[in-house]
Structure formats: structure tokens, C-alpha cells
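Please open the model in your viewer and keep the sequence panel beside it, since this tour moves from one selection to the next. At each stop, select what is named and then look at what surrounds it.

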Amino acid sequence: MRYRAVVSYYGKHYVGWQRQLNGPSVQEALEKALSDTFGTPTQATASGRTDAGVHAEGQVVHFDADTAIPPEKIPFAVNTALPRDISMLSCEPVPDDFNARFSAKRKTYRYNIYVSRHRRPMLEGTHAHIVVPLDLAAMRECADVIEGEHDFKCFEASGSAVKSTVRTVYSVRLEADGDVRGGILSEGTLGIYVTGNGFLYNMVRIIAGTLVYAGQGKLTAANVRRVLETGDRTLAGKTMPPEGLTLVSVEYGE
């Protein structure tokens, strides 16, 4: 029987989702736990790769298993074999043609930032630190430009090989919590939520970096339009560090 599970993980100590030779991966840890639970080698397929240091609240995976364990009890059994920074949150049977990767319709990522004159150790593992205040209105203007179907090759890091760099970004949403006056976040946290039908290598981290530049007055909405029109990566913002990025959810169906 095929199962769909939602998995959460803190990615700091992993080379990413996918198995690699240069260090421990989330996939390796999950497949070992599944194999130990079911007593037979079990492979897991995720909705997509997350890179080294990136986190997930709602990664979706599928796996095949012949087990008498009720679906709702599988997370309890698997979690006893997982390290504490990985957890299966839910599990349910699905049709045999379900594929966590190819059946996905849209994904939502969140990029976390905290604005503070000084480091906040409790936020360092899951947020990027920005020292100067951010103009949220300017960031939202640029976010509006990024929404829609575009060729996002200008928001792709080198080292990727994909057939097409055209993607649809359904929404880019900002949620700020802290000292906001006159649209300026001077102290507090900011979540940049990006929902799309798929993402290029480091695309969300580059979108976040571009919006940060806008918030610092380094880019305008007109500049971002030119980035998309020219496809020139050097005109966009920097690639933000991985610890600020979290895969929030994956949606299926129509």
C-alpha cells in the first residue's frame, strides 16, 4: 500500500533532503526509520529537495509498505526511530498512482528574518539577521512585481540544469511582528511567504534577498521589473543564507 506522510525537520545538521555522500541527509534518516519500523528496506520520495541547512514544517513524502500498523499509528512508530530534529506529523493511505513530487500543484516557503541592532541567539538557527530597518511598503511593491508567471532565470543560482526556468508565483506575502512605525520595521521579525507551482535552485532565497534590498532602498519596483525583463542575475538581490528558509506546505489536487 502507498502512504502519504507529512514530515517536519530542523535542517541545520543535514546536507539537505536528498541522500548525498558528503554528510547525513533527512532522506537517509527517514528511510532508515521506515525500514526499521516495517522490517524491510523502504524508500521515501519527497515533494522536492530542500538544500543543506533548510528546514521544513510540511514536507510531503510517499512510501510503499505492507504493514498491519494502522495509518494513524505509523507516525508514533516511525518517530521512535527518528532523531529528535525530524518528525513524522501525519500519515494516510493514498492511491498507488500518487507521487509526492509529480502530483504536487503548489508549494509555500517562508523566509524568516529578524531585524535587530544586535544578534538574537534564540533566532539564529531559523532566521537571517538584518541590522538596519526595513521599509515594508517598498518590499511589498517589489513583491507585487514578482507575482505571476515569469522567466525566473534571474532568480536562479548557478549549478542547476532544468529544461525551463518559467515558473508561476501565485503570491508573495509579508508578515511582520514587532516595532513597525510608518511602514518601517525597526525591530522584530518578518516572514516572507512565497507560494508557487515550483521553484528553481535558491529561487526563494534570491527573492528574499531582492526584497531585503528593496527594504533597504537599494532596489525599486522598476529595478525588479528590469531584472525579470533582462534575466540578469547580477541585478537582483543576494542569495540569503539557508537557515532562514522553511518549506511550509505542499498542496495537491486541483
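Begin with the lining of the largest pocket in this predicted model, to which strand 2 (45–46), strand 5 (104–115) and helix 4 each supply at least two residues. Colour strand 5 on its own, because the largest share of that lining, five residues, comes from strand 5. The pocket has a volume of about 1,100 Å³. It is lined by 38 residues, and if you want to centre the view, select G48, R49, R101, K107 and F199, which are the closest to its centre. Colouring the lining by residue type will give you 16 nonpolar, 13 polar and nine charged residues.

Stay with strand 5 and select N112, which has its place there. Is N112 buried or exposed? With a relative accessibility of 8%, N112 counts as buried. Its side chain reaches the backbone oxygen of T126 at a distance of 3.4 Å. If you leave out residues up to four places away in sequence and show what N112 touches, you will find T126, H127 and A128, then L190 and G191, and finally G244 and T246.

Next, select V132, in the loop between strand 6 (128–130) and strand 7. In contrast to the buried N112, V132 counts as partly exposed, at 40% relative accessibility. Not counting residues up to four places away in sequence, V132 touches V115 and Q216. Draw a distance from the C-alpha atom of V132 to that of R117, and the viewer should show a separation of 7.1 Å, although the two residues are 15 residues apart along the chain.

Now move along the chain to helix 3, which covers residues 136–146. At the start of helix 3, look for D135, a side-chain oxygen of which reaches to within 3.1 Å of the backbone nitrogen of A137. Beyond the helix comes G148, whose phi is positive, near 115°. Within the helix, select L136, M139, C142, A143, V145 and I146, which are buried. An α-helix has 3.6 residues a turn, so residues three or four places apart point the same way. To see what covers the buried residues of helix 3, display strand 7 (134–135), strand 8 (148–151) and strand 9 (166–181), and add strand 10, helix 4 and helix 5 (221–230), all of which are included in that cover.

Keep C142 selected for a moment, and ask how far its sulfur is from the closest cysteine sulfur. The closest one belongs to C154 and is 13 Å away, which is too far for a bond. A disulfide is a covalent bond between the sulfur atoms of two cysteines. A search of the whole structure finds zero disulfides. C142 itself counts as buried, at 1% relative accessibility, and another cysteine to select, C91, also counts as buried, at 10%.

From there, go to helix 5 and select L228, which is found in it. L228 is buried, with a relative accessible area of 14%. Leaving aside neighbours within four places in sequence, L228 is in contact with V145 and I146, and also with H150, D151, F152, C154 and F155. Of these, F152 is worth a distance line, since its C-alpha atom and that of L228 are 6.8 Å apart in space, while the two residues are 76 residues apart in sequence.

The last stop is N202, in the loop between strand 10 (184–196) and helix 4 (203–215). Check the backbone angle there: the phi of N202 is near 65°, a positive value in a residue other than glycine. N202 is buried, with a relative accessible area of 12%, and a polar contact of 3.1 Å joins its side chain to that of R205. Which residues is N202 in contact with, once its neighbours within four places in sequence are left aside? They are D51, F155, A157 and T239, and F155 will already be familiar as one of the contacts of L228.

Note on methods. Residues are numbered from 1 along each chain as its sequence is written. This is a predicted model: local features need pLDDT of at least 70, side-chain atom pairs count only at pLDDT 80 or more; totals for chains, interfaces and linings use all residues. Side-chain values use heavy atoms; hydrogens and water are left out. A disulfide is a pair of cysteine sulfur atoms within 2.5 Å. Buried means under 20% relative accessible area, exposed over 50%, partly exposed in between (1.4 Å probe, protein chains only). Helices (H or I, at least four residues) and strands (E, at least two) are DSSP runs, numbered from the N terminus. A polar contact is a pair of N or O atoms within 3.5 Å; within protein, one must be able to donate a hydrogen and the other to accept it, and residues adjacent in sequence count only if both atoms are side-chain atoms. Contact means heavy atoms within 4.5 Å. On a 1 Å grid over the protein atoms alone, a cavity is a set of points where a 1.4 Å probe fits but cannot get out, and a pocket is an open set with protein on both sides within 12 Å along at least five of seven lines; lining residues have an atom within 4 Å of a point. Grid points are joined across faces, edges and corners, and a volume is the space filled by probe spheres set on the points. Ala, Val, Leu, Ile, Met, Phe, Trp, Tyr, Cys and Pro count as nonpolar, Asp, Glu, Lys and Arg as charged, and the others, Gly among them, as polar.
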